[in-house]
Amino acid sequence: MKNQHVLILGGGFAGVESAIYLRKQGIQVTLVSDRDYLFIYPISIWIPVSKIPFEKATIPLKELQKVHGFNLVIDRVKSIDSANNSVILENQKINYDYLIVAIGANKIKLPGIENTMSICGAPDQSLVMKDRFDALLKKGSGKIAIGYGGNPKDKSGVRGGPAFEILFNFIHVLKQKKIRDNFELTFFAPMKELGKRMGDSGFAMLEKMFEKEKINKRTGKKIIEFSENKIIFEDKSTLESDYIMYIPASTGHAVLAKSDLAFSNSGFIKIDDNCKVDKTENVYAIGDIALIEGPDWIAKQGHIAEVMARNTAYNIGQQLKNSNKRKGYKDHLNILCVMDTGNGAAFTYRKADKDFIIPLPKVGHWLKQGWGYYYRNSKLNKFPRIPGM
Ligand SMILES: Cc1cc2nc3c(=O)[nH]c(=O)nc-3n(C[C@H](O)[C@H](O)[C@H](O)COP(=O)(O)OP(=O)(O)OC[C@H]3O[C@@H](n4cnc5c(N)ncnc54)[C@H](O)[C@@H]3O)c2cc1C
């Protein structure tokens, strides 16, 4: 068993968690990533408002390698050849006994997207957002537009939460600086109702927050394209803005077009409940790149990526022992989010039979900060792990 080699593609939430849990079983692991750090996306929302420096949202993969003892290759995956158990990277080819694909998702690119910034894009976009927000603060007035897009082929790829977090964090800073009244804030999205995915309670709470904070809405209209300082909608109406933060919906990864793995028409890898890729025996896909089957409201989230990762490590371990025991991800599907507002947060939860949202002024913000601290230090074995987290 010790000689079997698991190759993991991707050094994000899913890839790193699966590496840790495979290494706990003594299995030989190589992790490939095109970045040399893990990016802690959930706390990156505080980079544009200068609450944390960029580095605080990163964990160097070398440090994780030292602690957990996996092989690390910094390189870009070009294609996957599962028929021959091999992966082509930009600089080498690697063979494997088992493969875990965890390279995240790509984004749907609307025309003129280069005129927008996204907190869900390449990590350094958060720094561009910070510089542009700082410039607006210096100017003292302006128009800010924040929004997200849809993917009609797969609703699980829509990411609205961080857009709300950026919006409320910006408002918090503007209020602190006593310049809120000098700014026009507009939220835009193709959906009619914002935050519906969180359930009726989340939707009602967001409505109230939007009214209280006097946020304009441009919703229910398809976004067609962007130009410099302008958003253009399907009915040809436009929204002018000095600052456009737009989170496009996710779609499959470009690498899949050059690979032989089965993917859905929305571009995500088709897996079974145990995360095993369709028509393969030794390939798994986890995290944002996997097609998640579940209720209409389900979202691709970090905690689901981690459940998939731990289950996959377990399932490979069982395969290596010739055992039939397996763990599935579908029972764990839920929405779990601490939506930060800069001076508090809302704890949102949704499962098949219930949904609720609990406002947590002040303490919610500390909770999310605490989670960031816990995430980093528990991954580096400096803190004991809380089961399931
Ligand atoms: C701003 C923001 C806030 C969020 N907040 C929350 C939250 O509060 N709660 C929650 O549960 N979820 C949250 N999420 C979602 C969560 O971050 C994602 O679901 C999670 O990161 C998915 O993990 P992943 O490993 O599948 O993908 P990623 O984290 O995207 O990791 C993909 C990895 O693959 C690497 N890679 C990509 N292409 C290649 C290639 N060709 N070759 C080699 N390596 C490659 C990347 O460098 C990266 O290391 C948030 C997301 C964002 C963007």
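Sorted by class, the residues lining the ligand come out as 11 nonpolar, 11 polar and 8 charged. Bear in mind that this is a predicted model.

**Around the ligand**

The shell counts 30 residues, and those that come nearest are Ala 14, Asp 34, Val 77, Asp 288 and Gly 302. Two helices chip in with at least two shell residues each: H1, spanning 13–23, and H6, spanning 302–320. Looking at domains instead, domain 1 (5–105 + 252–333 + 368–379) and domain 2 (108–249) each give at least three residues to the shell.

Here are some polar contacts to oxygen atoms of the ligand:

| Residue | Part of the residue | Distance to a ligand oxygen atom |
|---|---|---|
| Gly 12 | backbone N or O atom | 3.3 Å |
| Asp 34 | polar side-chain atom | 2.5 Å |
| Lys 368 | side-chain N or O atom | 3.4 Å |

So much for single contacts; as for overall cover, the ligand on its own has 1,000 Å² of accessible area, and the protein covers 92% of that. Asp 34 turns up twice here, being listed among the residues that come nearest and also having a polar side-chain atom 2.5 Å from a ligand oxygen.

**A sheet of three strands**

Now for the sheet. It's an open one with 3 strands, ordered E6-E7-E8 and paired antiparallel. E6 (77–81) and E8 (93–95) are the edge strands; each has a single partner, so one side of each goes without a neighbour in the sheet. From one strand to the next, the twist averages 20 degrees.

Zooming in on one pairing, E7 (residues 86–89) and E8 run antiparallel and are joined by 3 bridges. Val 87 sits opposite Ile 94 of E8.

Key. Residues are numbered from 1 along each chain as its sequence is written. This is a predicted model: local features need pLDDT of at least 70, side-chain atom pairs count only at pLDDT 80 or more; totals for chains, interfaces and linings use all residues. Side-chain values use heavy atoms; hydrogens and water are left out. A residue is near a molecule or strand if one of its heavy atoms lies within 4 Å of it. A polar contact is a pair of N or O atoms within 3.5 Å; within protein, one must be able to donate a hydrogen and the other to accept it, and residues adjacent in sequence count only if both atoms are side-chain atoms. Accessible areas come from the Shrake-Rupley method with a 1.4 Å probe; for residues, only the protein chains shown count as cover. Helices (H or I, at least four residues) and strands (E, at least two) are DSSP runs, numbered from the N terminus. Ala, Val, Leu, Ile, Met, Phe, Trp, Tyr, Cys and Pro count as nonpolar, Asp, Glu, Lys and Arg as charged, and the others, Gly among them, as polar. Domain bounds come from an automatic or database domain assignment. Two strands pair if DSSP finds at least two bridges between them. Axes are lines fitted to C-alpha atoms, for helices over the stretch in contact, and angles run from 0 to 180 degrees between N-to-C directions.
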